[in-house]
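Dear colleague,

I am handing over the structure we spoke about, and below it you will find what was found in it. Please read the notes with the structure open beside them.

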Amino acid sequence: MTPPYRVGDELPPLEIPVTRTLIVAGAIASRDYQDVHHDAASAREKGSPDIFMNILTTNGLVGRYITDHFGPTAVLRKVAIRLGAPNYPGDVLRLAGRITELRTADASSADASSDEVVDAVEAIEAVVQVTGGNGIGRHVTGTVAVTLPEPSVGRAGA
């Protein structure tokens with residue numbers, strides 16, 4: 001079956017308001033207690049104009065961007081990002097993506113209590129180039145590999 005996606009397809013952009021709450025909550029959720037992610041005075045003492053988002057929050061937002069687009073059956077296989085311009089409160093993170101590769105992927109899984117394969121389906125793995133910018137420049141660039149189970153149309157027993 002032909003996948004509904006093609007190399008070169010652009011994902012719709014996603015705009016995420018960067019709030020103090022998002023920055024602090026992301027840092028707490030990822031157990032990153034560095035003061036530059038929650039204490040504006042400490043961030044200024046260290047040369048930053050304000051608190052700023054940590055890499056783990058950005059990583060999570062990139063993952064959300066991909067799974068929001070491909071749906072609840074999508075499985076993130078690899079997320080590799082690099083940060084650039086910081087995300088400060090009051091800005092907007094604008095994520096964009098483009099499919100750069102489609103390939104067959106193994107989507108089988110094994111029962112943890114045995115070596116028996118409990119689910120084996122053909123799947124497509126998409127590789128997506130992701131970028132994200134804000135008011136001062138490029139915040140994130142990266143590549144995400146995501147498995148997209150193919151519909152089982154026309155398969156015996158399906």
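Rings of Phe, Tyr and Trp (its six-membered ring) are taken as a pair if their centres lie within 6.5 Å, and planes over 60 degrees apart count as edge-to-face. Please keep in mind throughout that this is a predicted model.

By that rule, the count comes to one aromatic pair. It is formed by Y5 and F70, whose ring centres are 4.9 Å apart and whose planes stand at 75°, so the pair is edge-to-face. Because Y5 lies in the segment before β1 (10-17) and F70 in helix α3, the pair ties together parts that are 65 residues apart in sequence. As for their surroundings, Y5 is partly exposed, with a relative accessible area of 21%, whereas F70 counts as buried at 9% relative accessibility.

Helix α3, which covers residues 55-70, is also the place of V62. Is V62 buried or exposed? At 1% relative accessibility, V62 counts as buried, since the cut-off for buried is under 20%. Leaving aside its neighbours within four places in sequence, V62 is in contact with V79, I81, L95, V130, V140 and V144. For one of these partners, V79, the separation from V62 is 17 residues in sequence and 8.1 Å in space, taken from C-alpha to C-alpha.

The same helix, α3, holds a salt bridge as well: D68 and R64 form one, with their closest N and O atoms 3.1 Å apart. Because D68 and R64 are four residues apart in helix α3, about one helical turn separates them. Of these two residues, D68 is exposed, with a relative accessible area of 51%, while R64 is partly exposed, at 36%.

How many salt bridges does a search of the whole structure find? The search finds six, and the bridge between D68 and R64 has just been described. Another joins the side chains of E15 and R94, at 3.3 Å from N to O. Since E15 lies in strand β1 and R94 in strand β3 (residues 92-106), this pair ties together parts that are 79 residues apart in sequence. Here E15 is exposed, with a relative accessible area of 51%, and R94 counts as partly exposed at 40% relative accessibility.

A further salt bridge brings together the side chains of R103 and E101, at 2.7 Å from N to O. R103 counts as partly exposed, at 33% relative accessibility, and E101 is likewise partly exposed, with a relative accessible area of 34%. Salt bridges that share partners join E101, R103 and E125 into one network.

Turning to helix α1, which spans residues 20-29, you will see that I23, G26 and A27 are buried there. These residues cover an arc of only 100° around the axis, which puts them on the same side of α1. On the other side of α1, by contrast, T21 and A29 are exposed. What covers the buried residues of α1? The cover includes α3, the helix in which V62 also has its place.

Just after α1 comes R31, which takes a positive phi of about 60°. That value is worth a look when you go through the backbone, as R31 is a residue other than glycine. The place of R31 is in the loop between α1 and α2 (40-45), and R31 is exposed, with a relative accessible area of 68%.

Finally, there is a nonpolar patch on the surface, of about 240 Å², and it is made by I55, L56 and L83. Among these residues, L83 has its place in strand β2 (residues 75-83). L83 is partly exposed, with a relative accessible area of 33%.

With best wishes

Notes
Residues numbered from 1 in each chain as written. Predicted model: local features only at pLDDT ≥ 70, side-chain atom pairs only at ≥ 80, totals over all residues. Heavy atoms only, no water. Helix = DSSP H or I, 4+ residues; strand = E, 2+ residues; numbered from the N terminus. Buried < 20%, exposed > 50% of the residue type's maximum accessible area, 1.4 Å probe, protein only. Contact = heavy atoms within 4.5 Å. Patch = residues over 30% accessible without salt bridge, like charges linked within 9 Å, V, L, I, M, F, W, Y side chains within 5 Å. Areas by Shrake-Rupley, 256 points an atom, 1.4 Å probe, with all protein chains shown as cover. Salt bridge = Lys/Arg side-chain N within 4 Å of Asp/Glu carboxyl O. Phe/Tyr/Trp six-rings, centres within 6.5 Å; stacked < 30°, edge-to-face > 60°. Arc of directions from axis to C-beta.
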